[in-house]
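Hi,

Here is the structure I promised to pass on. Have a look at it first, and then read my notes below.

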Amino acid sequence: MENILVRGGKALSGVVEIGGSKNDALAILVGAILVPGVSVLHNIPANTDILNLLNIFRQMGVRAHFATPTTLELDASALSTSETPHDLVRQMRASFNLLGALMARFGHAEVAMPGGCNIGARPVNFHIEGLRQLGGEFTLEHGVYYGRVDRFLGANINLEFPSAGTTQHLMIAATLAMGTTTIENCAAEPEVINLAEFLNACGAKIRGAGTPIIEIEGVKTLRPTEFAILPDRMQAGTYAIASAISGGDVFLKRAVYEHCRPLFSKMLDAGIQIDAETEGVRVRRSANTIQPIDFKTMPHPGFPTDMQPILATMLTIGDGTSVITETIYENRFRYTMELAKMGADIRISGRNAIITGVKRLSGAPVVSPDLRGGAALVIAGLIAEGVTEVSDLRHIDRGYENLVLNLQNLGADIKRLPVKEGSKPCSV
Ligand code: EPU
């Protein structure tokens, strides 16, 4: 086990290259198991969620081989079972989309209820209801879903909420369905659009991705393709805030301004300078103060819930009071208890966090409660006086493959160290 130790006070500067998007890669990898032959996928990030999904695949007969550190050759021809390894599946959320994908391929599937970050209830009712409308039949026994279908049949599905995972899951399932499927009130994230583009490059017929209505005309088979995963907008946002909070000047190479617009427009309001350039985005803060701002998390193109803890951290040293409303996950303020140990003034009232800016944070031992909350604590450490020790890095490693190295290259005083024998992380 390791902890991250960061000594605050260095203004970051330089270039950080934004890696492939975890959430895009996970969705596309699941889509790729519908494709017979070798799919070549570029820009795959080597975080533990991806490695875990590839482990699941390998145990099911899929051949997965990294031709370069970021290019994966995936051959799903030899996929030999529709039963997923339950223990591995339970460790992550995105593996649940295997249910529809395996049913599309084999007519049956067995997938455990998913895990992922502890940020809210995160049920799967929209997924199951949508697959039922496509003709699937399900039983749930001992935490495992068993699904059956002859062949999915096109249907009109109106989602109760524009869920990213459900939209991706249903798109994958409907790709090989008989007839046309319409998904209304669907999610419009860049990762939804890129999944549609990947499936279309394999021969699927999907229109409307990125709008609230997606239409999928079922096809009989898919063919392999070569395709690139998007740069990770959440990593880009994390380094953008790291630059801004430290009073730095950082170029986010390969970041796509448009994908980060909801975050960047709030950062502009706070007085941060952000410039779109040909190969990425430059983020700097020359002003002494950070203006307080209010924001509310919403489905895309609203403000992304994943960036809520990250932006909140910058506001802890803002010049006044900011109010955040979290509408997506009821349990996504756990990191604020840890920030409070560092001197942040944050009051939680239901779905709101009221942050009153303080002059400085002070380093303390803190525990990473989830993926983005953990990254937020590392960022807080960049400006805290003294040393911040962030423990329980499992979640951070699920979504950031090179966080410490990248921050070191930008000039941060940060390292990973093995946990001393006998010391235990305090619980959150
Ligand atoms: N929801 C339901 N029932 C469902 C599905 C979702 O009630 O069947 C609810 C959720 O509980 C939540 C809301 O709908 O309140 C939105 O959830 P959504 O389905 O959009 O989220 P997801 O697909 O499970 C993905 C990302 C999350 C990100 C959310 C929201 C992946 C693997 N995960 O989750 O990413 O927070 O979309 O944008 O793509 C992260 O990367 O840190 C992360 C948690």
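**What I found around the ligand**

Let's begin with one contact: an oxygen atom of the ligand lies 2.6 Å from a polar backbone atom of I328. Before you go further, please keep in mind that this is a predicted model.

The backbone of F126 offers another contact, with one of its polar atoms 2.8 Å from an oxygen atom of the ligand. A side chain takes part as well: an N or O atom of R332 is 3.5 Å from a ligand oxygen. How much of the ligand does the protein bury? On its own the ligand exposes 820 Å², and 88% of that is buried by the protein.

As for where to look, the ligand sits in the largest pocket. It is surrounded by 24 residues, and the closest are N125, S163, G165, D306 and I328. Sorted by character, the shell has ten nonpolar residues, seven polar ones and seven charged ones.

Several helices contribute to that shell. α1 (22-32), α5 (125-133), α6 (164-175) and α12 (371-383) each provide at least two of its residues.

Why does the ligand lie between the two domains? Both domain 1 (2-19 + 231-418) and domain 2 (22-228) give residues to the shell, so the ligand lies between them.

**Two backbone details**

While you have the model open, check two spots in the loops. P301 is in the loop between β17 (295-296) and α10 (308-315), and the peptide bond leading to P301 from H300 is cis, with omega near 5°.

The other spot is N185, in the loop that runs between β10 (180-184) and α7 (190-201). N185 is not a glycine, yet its phi is positive, near 55°.

Cheers

Definitions and conventions: Residues are numbered from 1 along each chain as its sequence is written. This is a predicted model: local features need pLDDT of at least 70, side-chain atom pairs count only at pLDDT 80 or more; totals for chains, interfaces and linings use all residues. Side-chain values use heavy atoms; hydrogens and water are left out. A residue is near a molecule or strand if one of its heavy atoms lies within 4 Å of it. A polar contact is a pair of N or O atoms within 3.5 Å; within protein, one must be able to donate a hydrogen and the other to accept it, and residues adjacent in sequence count only if both atoms are side-chain atoms. Accessible areas come from the Shrake-Rupley method with a 1.4 Å probe; for residues, only the protein chains shown count as cover. On a 1 Å grid over the protein atoms alone, a cavity is a set of points where a 1.4 Å probe fits but cannot get out, and a pocket is an open set with protein on both sides within 12 Å along at least five of seven lines; lining residues have an atom within 4 Å of a point. A molecule sits in a cavity or pocket if more than half of its atoms lie within 2 Å of its grid points. Helices (H or I, at least four residues) and strands (E, at least two) are DSSP runs, numbered from the N terminus. Ala, Val, Leu, Ile, Met, Phe, Trp, Tyr, Cys and Pro count as nonpolar, Asp, Glu, Lys and Arg as charged, and the others, Gly among them, as polar. Domain bounds come from an automatic or database domain assignment.
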